[in-house]
Amino acid sequence: MTFSMNRRQILAATAAGVSTLALPRAFAAEKIMVAGVHASPVENAWNSRIHEALLGAAKDGVIDYVFSEGVSGTDYARAMREYADQGAKLVWGESYAVETEARQVAEDYPDTAFLMGSSGGPQGDNFGVFGTRNHEAAYLSGMLAGKMSKTGTFGAVGGYPIPEVNLLINAFRAGVKEVNPDAKFLVGFIGTWFDPPKAKEAAFAQVDAGADILFGERIGTADAAKERGIKAIGSLIDYTPRYPDTVFANAMWYFRPTVDAILADIAAGKPTGRDYTEYSFMKYGGNDILFTEAMVPADAIPAMLEKQKAIKSGEFEVPIDESEPT
């Protein structure tokens with residue numbers, strides 16, 4: 001499928017809405033075009049969170065949102081340039097595989113803001129970056145999981161061992177260890193962002209090795225848990241409706257606070273070449289845990305809720321460990 005065939009456009013009807021951050025009054029009267037360049041399908045868990053946030057901003061009448069999905073690395077810079085040429089004031093993207101090319105595009109379009117999922121830092125006045133941070137919710141889910149395992153062995157299936165994924169799995173493990181110091185862990189990386197069958201097979205291997213609770217950083221993990229009759233934890237999105245008897249907790253990620261933060265900077269005429277990662281933290285509403293109380297031991301909940309309160313108040317900081325989990 002070519003880039004042009006992938007393009008879809010959503011023109012938002014003006015509607016009343018409440019944003020996480022207050023935007024300047026002048027901004028509300030002048031919507032801007034925001035373009036999303038998605039390397040994966042927007043149904044992919046991670047991309048779906050950004051897509052949902054941008055759709056929400058469009059529905060609220062704040063932006064006009066256009067996007068492309070399934071954009072290959074060889075087409076990525078071209079897609080960014082095409083949207084900038086079309087008048088996009090903000091281009092959202094994921095530059096993990098195309099850092100050099102994406103940063104060059106930003107240099108060539110100094111009047112366009114770029115917000116990129118990136119393992120690197122910001123660049124210049126217009127290349128902003130963000131990292132995924134639902135590690136606090138992962139920690140809390142680990143606290144619940146630590147009280148539920150019968151084997152004492154926990155599995156986790158990730159995409160690639162990059163910092164954003166590593167810290168998430170490590171936070172889950174730290175939460176487990178808080179309530180179950182003797183826990184053992186299995187971890188596997190499937191080398192792709194979207195391959196549910198491959199994630200499922202990796203999860204099967206962990207179950208066969210003794211894991212009875214799985215942390216699913218990748219879609220497909222919960223399918224293995226369901227087939228084997230064990231429990232799983234979802235990441236980024238709410239997996240409970242699809243796996244009501246399997247998924248007992250979800251480490252949710254909410255991207256709208258990040259969107260509102262950079263839109264406010266654009267409206268105020270401020271440079272956007274900064275790190276917006278902080279807006280994914282729980283204190284901004286950027287992540288939180290969803291869990292099914294009936295599936296969790298009653299004695300596991302009070303300690304988790306106390307820790308959640310401490311995280312939101314700033315009394316406790318979940319450790320950020322970006323080392324590759326083994």
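This is a conversation about one predicted model, starting from Ser 280 and moving to two helices.

Modeller: Residues are numbered from 1 along each chain as its sequence is written. Because the model is predicted, local features need pLDDT of at least 70 and side-chain atom pairs count only at pLDDT 80 or more, while totals for chains, interfaces and linings use all residues, and side-chain values use heavy atoms, with hydrogens and water left out.

Biologist: Why is Ser 280 called buried?

Modeller: Buried means under 20% relative accessible area, with exposed over 50% and partly exposed in between (1.4 Å probe, protein chains only); Ser 280 has a relative accessible area of 1%, so the word applies.

Biologist: What makes the link between the side chains of Ser 280 and Trp 253 a polar contact?

Modeller: The term asks for a pair of N or O atoms within 3.5 Å; within protein, one must be able to donate a hydrogen and the other to accept it, and residues adjacent in sequence count only if both atoms are side-chain atoms. Here the two side chains are joined at 2.8 Å.

Biologist: How do you know that helix 10 is largely enclosed by the rest of the structure?

Modeller: Ten of its 13 residues are buried, so that description follows; among them are Arg 256, Thr 258 and Asp 265. Helices (H or I, at least four residues) and strands (E, at least two) are DSSP runs, numbered from the N terminus.

Biologist: Why is helix 6 described as largely enclosed?

Modeller: Eleven of the eleven residues of helix 6 (residues 135-145) are buried, so the description holds there too.
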